[in-house]
Amino acid sequence: QVQLVESGGGLVQAGESLTLSCAASGRSFDRDTMGWFRQPPGKEREFVSAITWNGGIRYYADPVKGRFTISRDNALNTVTLQMSSLKPEDTAVYYCASEVSVTVVAGRVGGKTLGAWGQGTLVTVSS
């Protein structure tokens, strides 16, 4: 089982940017689709973004499309989520996940993990 550790969360103002990183260890994850999820306060965890094993396909949930960019470096075992133009509604605990299964239904992208979760990193966006 791969172990995932997120970092990079913090407090920012609306409109600012933040980059989250996920470091993987335990086994090679270079064949996994990796992803990010988030859990806003008082709400359920939701899919944010995913990237296929070679970075060839990237998926984004509608609320973050055009503002967030996912990338990975298989040599360094890292997955990164660059977030720009942050909004207060982006406030959440962000989780990295391995073995993400992505679904696209009526153009709406979703996902779930069949693998591991990280412990999460808190992102707070003030207005």
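Biologist: How many bridges join strand 1 to strand 3?

Modeller: This model is predicted. In it, strand 3 covers residues 18-25, and strands 1 and 3 run antiparallel. Within this pair, leucine 4 stands opposite alanine 24 of strand 3. The number of bridges joining the two strands is five.

Biologist: In what order do the four strands of the open sheet lie?

Modeller: Strands of a sheet pair through backbone hydrogen bonds, either parallel or antiparallel. In this open sheet of four strands the pairing is antiparallel. The order is 1-3-8-7.

Biologist: Which strands stand at the edges of this sheet?

Modeller: An edge strand here has a single partner strand, so one side of it is left without a neighbour in the sheet. Neighbouring strands of the sheet are turned by 15° against each other on average, direction ignored. The strands at the edges are strand 1 (3-7) and strand 7 (68-73).

Biologist: Which strand gives the most to the lining of the largest pocket?

Modeller: The largest pocket has a volume of about 390 Å³. Strand 5 (46-51) and strand 11 (108-113) each supply at least two residues of its lining. With three residues, the strand that gives the most is strand 11.

Biologist: How many charged residues does the lining of the largest pocket have?

Modeller: The largest pocket is lined by 19 residues, and those nearest its centre are Arg38, Glu46, Phe47, Ala61 and Pro63. By class, the lining has eight nonpolar and two polar residues. The number of charged residues in the lining is nine.

Terms used:
Residues numbered from 1 in each chain as written. Predicted model: local features only at pLDDT ≥ 70, side-chain atom pairs only at ≥ 80, totals over all residues. Heavy atoms only, no water. Pairing = 2+ DSSP bridges. Axes fitted to C-alpha atoms, helices over the stretch in contact; angles between N-to-C directions. 1 Å grid on protein atoms, 1.4 Å probe; cavity = no way out; pocket = protein on both sides within 12 Å on 5 of 7 lines; lining within 4 Å. Points joined across faces, edges and corners; volume = space filled by probe spheres on them. Nonpolar A, V, L, I, M, F, W, Y, C, P; charged D, E, K, R; others polar.
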